[in-house]
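Hi,

Here is the structure I promised to pass along. Have a look at it first, and then read on for what turned up.

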Amino acid sequence: MSPLQTVSKITENGIDVGNYYDKYNSTNVIARYLTRGFEKALLKYVEQIHPHSIHEVGCGEGFWVLKWKELYGNDFQSTGSDFSQKVIEIARKNAKVRHASPDIFQTDSVYDLTDSPHADLLLCSEVLEHLDSPEQALLRLAEKATKYVIISVPNEPIWRVCNMMRFKYLKDLGNTPGHIQHWSRKQIAKLVGNYFQIIDICSPLPWTMLLCEKKL
């Protein structure tokens, strides 16, 4: 199956969007190993809770939204949203390539989610570290969630150490451009725990991933 189209770093409304590094299409052996670890952890959580529908907040070019379609069939409700209109345009093109409806993708900010459909599982992967107000985003996710939420962020300072080991962003001490929030596993668990009941936490190098449930 041909790789999905991705967006290199661009600026939209004064905000950097797109990929500084395309981990899903990388040919680097180490990058592919780390990405497989992330995918394995995410798939394990999804299989554990068996959702009937998934909505990805900050879906980018649609890799995971279309992955769920591939795994569970086109009738499975898998949708995605992103604040970037340019990125959503690419996601819709990718949907057509994979014979899915482009309407499964829509423009919607994590701070709003007014037009995003309700789903058994909300996925918010590698989004919070880019936000000025992650607390506001978590509050909106908690309001929107019906049952489960999976959140992942870079595990700091391990993330920056890994970048420096591959001689990336050395003048910024390994910080990926656009990452304005930084959490260790303990710190992100404390923050997320203010909004959700945490079921499990894992650390697929170099990320932290949390499986959460809506608080009653």
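A word on terms before the sheet: two strands are taken as paired if DSSP finds at least two bridges between them. Please also keep in mind that this is a predicted model.

With that in hand, seven strands form an open sheet with mixed pairing, in the order β5-β4-β3-β6-β7-β9-β8. The edges belong to β5 (105-107) and β8 (196-202); each has a single partner strand, so one side of each is left without a neighbour in the sheet. From one strand to the next, the twist averages 20°.

At the β5 edge, β4 (residues 77-82) and β5 pair in the parallel sense over three bridges, and G80 stands opposite F105 in β5. Two helices belong in this part of the picture. Helix α3 (residues 85-97) packs on the sheet, where it touches β4 and β5, and its direction makes about 170° with that of β5. Helix α2 (residues 63-72) lies across β3 (53-57), β4, β5 and β6 (121-125), running at about 175° to β4.

Helix α2 is also the place to look for aromatics. The structure holds six aromatic pairs. In one of them, W68 and Y72, the ring centres are 6.3 Å apart and the planes are at 10°, so the pair is stacked. Both residues lie in α2, four residues apart, about one turn of the helix. How buried or exposed are the two partners? W68 is buried, at a relative accessible area of 0%, whereas Y72 is partly exposed, at 37%. Ring pairs link these two with F63, W64 and F76 into a cluster.

Now for the interior. The largest nonpolar core has 24 residues, and those with the most contacts inside it are L128, L138, L141, I151, V192 and F196. Two or more residues of this core come from each of β6, α4 (134-144), β7 (148-154), α6 (185-192) and β9 (207-214). Taking V192 as an example, and leaving aside its neighbours within four places in sequence, its contacts are L138, I151, I198, L210 and C212. There is a second, separate core of 20 residues, which includes L34, W64, F76 and W159.

Finally, some totals for the protein chain. The secondary structure comes to six helices and nine strands, and 48% of the 216 residues count as buried. Among contacts between residues at least 6 apart in sequence, 65% join residues at least 24 apart. The accessible surface comes to about 11,000 Å², with 53% of it belonging to carbon and sulfur atoms.

Best wishes

Methods. Residues are numbered from 1 along each chain as its sequence is written. This is a predicted model: local features need pLDDT of at least 70, side-chain atom pairs count only at pLDDT 80 or more; totals for chains, interfaces and linings use all residues. Side-chain values use heavy atoms; hydrogens and water are left out. Axes are lines fitted to C-alpha atoms, for helices over the stretch in contact, and angles run from 0 to 180 degrees between N-to-C directions. Contact means heavy atoms within 4.5 Å. A nonpolar core is a set of buried Ala, Val, Leu, Ile, Met, Phe, Trp, Tyr and Cys residues joined through side-chain atoms within 4.5 Å. Buried means under 20% relative accessible area, exposed over 50%, partly exposed in between (1.4 Å probe, protein chains only). Accessible areas come from the Shrake-Rupley method with a 1.4 Å probe; for residues, only the protein chains shown count as cover. Rings of Phe, Tyr and Trp (its six-membered ring) pair if their centres lie within 6.5 Å; planes under 30 degrees apart count as stacked, over 60 as edge-to-face and the rest as tilted.
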